[in-house]
Amino acid sequence: MGKMNKSKQPVNHDLDLDLIEKPKIEFNRRIKGDRLETFFPIYITSLSGDLIQGYAESINLSWSGILIETNILLEKEDEVFLEFTLPETDQTLKIRAKVVRMRCEDDMEYYVVGFIFKEMDVNVRRMLNGYILEHLDSN
């Protein structure tokens, strides 16, 4: 049987948590990293599951997000589900994503939208990572 600490000194449970430096995380910045050039259709659905009608194609794909070309007007911070099938596979991936940047120039008939992935199933994450690893070298 273990010995109990019989110290009569009071335990201070009121630690000043502000003294602990917390890392600052920016989700709206452009993450520099490997991107895989892609070209496949994407279906965008609202969080309630309604399909948003319009054109959407991938431009590039990374570990943390995707850049697409679309005629669907989205706002920064919008969260949606992206559904797509990776080339050479037959599995449809569904990923919750948030708009982190959007660009439209006067002469463009579409928007270029950057998403960061927010939530995805563990198996979807494995398939996505495997696809990116397999194709980065050949890109």
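**Group meeting talk: a sheet, a helix and a core**

Let's start at one residue. Glu 79 touches Leu 47, Arg 96, Ala 97, Lys 98 and Lys 118, leaving aside residues up to four places away in sequence. Keep in mind that this is a predicted model. Where does Glu 79 sit? Its place is in strand E5. Is Glu 79 buried or exposed? Neither: its relative accessibility is 26%, so it counts as partly exposed.

Look at two of those partners. The side chains of Glu 79 and Arg 96 are joined by a polar contact of 2.8 Å. Then take Lys 98. Glu 79 and Lys 98 are 19 residues apart in sequence, yet their C-alpha atoms are 4.3 Å apart in space.

Now zoom out. The protein has 1 helix and 7 strands. From the N terminus, the order is β-β-β-β-β-β-β-α. In other words, the helix follows the strands.

How are the strands arranged? The 7 strands form an open sheet, in the order E1-E3-E4-E7-E6-E5-E2, and the pairing is antiparallel. Why do E1 and E2 have a side without a neighbour in the sheet? Strand E1 (36–37) and strand E2 (43–45) stand at the edges with a single partner strand each, so one side of each is left free of a neighbour there. As background, strands of a sheet pair through backbone hydrogen bonds, either parallel or antiparallel.

Let's walk across part of that sheet. E5 and E6 run antiparallel and are joined by 7 bridges. Here Thr 85 stands opposite Thr 92 in E6. The helix comes in too. H1 packs on the sheet and touches E1, E3, E6 and E7. The direction of H1 makes about 70° with that of E6.

Next pair: E6 and E7. They are also antiparallel, with 7 bridges. Lys 98, which we met beside Glu 79, has Ile 116 in E7 as its bridge partner.

One more step. E4 and E7 run antiparallel, joined by 6 bridges. Thr 70 stands opposite Tyr 111 in E7. Let's stop at Thr 70, which lies in strand E4.

Is Thr 70 buried or exposed? Its relative accessibility is 0%, so Thr 70 counts as buried. What does the side chain of Thr 70 reach? One of its polar atoms lies 2.5 Å from the backbone oxygen of Tyr 55. The side chain also reaches the backbone nitrogen of Ile 72, at 3.0 Å. Not counting residues up to four places away in sequence, Thr 70 touches Tyr 55, Ala 56, Tyr 110, Tyr 111 and Val 113.

Now the core. The largest nonpolar core has 26 residues. Which members touch the most others? Ile 42, Ile 44, Ile 66, Leu 82 and Phe 115. Strands E3, E4, E5, E6 and E7 and helix H1 each supply at least two core residues. The largest share, 5 residues, comes from H1. In soluble globular proteins, nonpolar side chains tend to be buried together.

Take Leu 82 as an example. Beyond its neighbours within four places in sequence, its contacts include Ile 42, Ile 44, Ile 66 and Phe 115. Leu 93 and Ile 95 are also among them.

Last, some totals. Of the 139 residues, 32% are buried. The accessible surface is about 10,300 Å², and 49% of that belongs to carbon and sulfur atoms. Among contacts with a separation of 6 or more, 53% link residues 24 or more positions apart.

Note on methods. Residues numbered from 1 in each chain as written. Predicted model: local features only at pLDDT ≥ 70, side-chain atom pairs only at ≥ 80, totals over all residues. Heavy atoms only, no water. Core = buried A, V, L, I, M, F, W, Y, C linked by side-chain atoms within 4.5 Å. Buried < 20%, exposed > 50% of the residue type's maximum accessible area, 1.4 Å probe, protein only. Helix = DSSP H or I, 4+ residues; strand = E, 2+ residues; numbered from the N terminus. Contact = heavy atoms within 4.5 Å. Areas by Shrake-Rupley, 256 points an atom, 1.4 Å probe, with all protein chains shown as cover. Pairing = 2+ DSSP bridges. Axes fitted to C-alpha atoms, helices over the stretch in contact; angles between N-to-C directions. Polar contact = N/O pair within 3.5 Å; in protein donor to acceptor, adjacent residues only side chain to side chain.
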